[in-house]
Amino acid sequence: MAKSSLGSLLARVGLDWFILALLGMIGFAKLWPGPGIQEGPLSLSALANYGVSFIFFFYGLRLNFDQLRAGLRNYRLHLVIHITTFIIFPAVVLAARSLLFTPDTDLLWLGIFYVAALPSTVSSSVVMVSIANGNIPAAIFNASISSLIGVFITPLWMSFLLSSSNGHYDLSSVIGKLTLQVIMPVVLGLLLNRKLGWFAERYKAYLRYFDQFTILLIVYTAFCESFSLNLFSRYTAADLVELAGMMLALFFFIYGLVHVLSRLLKFSREDRITALFCGSKKSLVQGSVMANVLFPGSVAGVVLLPIMMYHALQLIVASILAQSMAHRQLEKEKALRE
């Protein structure tokens, strides 16, 4: 009974076993980094790379062209979400970076910009929209499209920053790796959607566990390399608290901006909710899997730290906000009935 009550309490504040497991992987990497830094075709890092390709293959397999075409009608909502996700987010972080950047925090700022360049998350965005009684079909459409666009836009944004700060950044090599590991599996999944889409739909719960296990493996191996090179030694507890504060401030700034835009464009309540949750969230799944390609293993752990923080904070805050919206709507409907 106590275990069930604890699980319910964690769920209400947006926490689940996966966030706790992520923290556990960091601790495990600190205590036992050896297995994560071994190399070879059957090493943990190699298995994580294979898992990445399967994640994107199954993602392509789940995409339905008919549903995507049907969702194109509400173009104003789509534009707000994707302009916020892929243009406003990076612009805000670049502006903040120009004011607050120091050489000691270069890797953290790289990670913060990586958060800004990522697509919106799929599952939790749809869940929050559902809790708040928003436009669920639009949420599914936009979250799916965002993930697909992110395969191309996120690497382009990162090449912009990495090329300007690192003259020998090899963009062609990165594009080649992404093509083999990410883009080709997505395209293959799309082509097989009509024949095998039923498989991805029927076993989507199991495939989600596969995604989460792969992410845990990526996080473990990335942090093993970072810990083995003492890359975290330059950061204090105060730095990490400041980073968490920045991630929280970034979320609320974007959330507030989307709220204003939605009001100015006179969105319905349902569309406004969808814009708020799809436009302010970022994907840990794609953040983890693309980090394996975009960044050297030695720095990936530090770069992943901001998206892990943002992921946890966005779940907690968005869960509270979604439940508050649902409660207010119920109170309003109750008042109208009376």
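In this predicted model, residues 243-261 are 100% helix and 0% strand, and the C-alpha atoms at the two ends of this stretch stand 27 Å apart. Residues 77-96 give a matching picture: 100% helix, 0% strand, and end C-alpha atoms 27 Å apart. Both ranges appear in the UniProt record, an unreviewed entry, under the feature "transmembrane region". That record also places the feature at residues 9-32, 44-65, 108-132, 139-162 and 174-193.

The chain as a whole has 16 helices and zero strands. Of its 338 residues, 49% count as buried. About 16,600 Å² of the chain is exposed, with carbon and sulfur atoms supplying 68% of that area. Among contacts with a separation of 6 or more, residues 24 or more positions apart account for 88%.

Aromatic side chains offer a handy way into the fold. A ring pair is described by how far apart the centres are and by the angle of the planes. The chain holds 15 aromatic pairs. One of them joins F28 and Y220, whose ring centres are 5.2 Å apart; the planes meet at 25 degrees, under the 30 degrees that bounds stacking, so the pair is stacked. F28 belongs to helix α2 (residues 17-31) and Y220 to helix α12 (residues 204-228), so this pair links parts of the chain 192 residues apart. How buried or exposed are the two partners? F28 is partly exposed because its relative accessibility is 33%, whereas Y220 is buried, with a value of 4%.

Helix α12 also takes part in a second pair, through F210. The ring centres of F54 and F210 lie 6.4 Å apart, and the planes stand at 90 degrees, so this pair is edge-to-face. Because F54 sits in helix α4 (residues 44-62) and F210 in helix α12, the pair ties together parts that are 156 residues apart in sequence. Both rings are partly exposed: F54 has a relative accessible area of 44% and F210 one of 29%.

Ring pairs also build up a cluster, made of F89, F251, F252, Y255, F277 and Y310. F89 has a charged partner as well, as the charged end of K282 sits over its ring at 4.2 Å from the centre. Another charge placed over a ring is that of R97, which lies over the face of F101, 4.5 Å from the ring centre.

Two serines in helix α9 round off the picture. S147 is in helix α9 (residues 136-165), and S146 is found in helix α9 too. S146 is buried, with a relative accessible area of 0%, and S147 is likewise buried, at 5%. Which residues does S146 contact, leaving aside its neighbours within four places in sequence? They are H82, T85, F86, P119 and S120. With its neighbours within four places likewise set aside, S147 is in contact with Y59, P119, S120, V122 and Q286. P119 and S120 therefore appear in the contacts of both serines. S146 can also be placed relative to S283: the two are 137 residues apart along the chain, with their C-alpha atoms separated by 9.7 Å.

Note on methods. Residues numbered from 1 in each chain as written. Predicted model: local features only at pLDDT ≥ 70, side-chain atom pairs only at ≥ 80, totals over all residues. Heavy atoms only, no water. UniProt positions renumbered as here; feature names shortened; annotations may be inferred. Helix = DSSP H or I, 4+ residues; strand = E, 2+ residues; numbered from the N terminus. Phe/Tyr/Trp six-rings, centres within 6.5 Å; stacked < 30°, edge-to-face > 60°. Buried < 20%, exposed > 50% of the residue type's maximum accessible area, 1.4 Å probe, protein only. Lys NZ or Arg CZ within 6 Å of the ring centre and 35° of its normal. Contact = heavy atoms within 4.5 Å. Areas by Shrake-Rupley, 256 points an atom, 1.4 Å probe, with all protein chains shown as cover.
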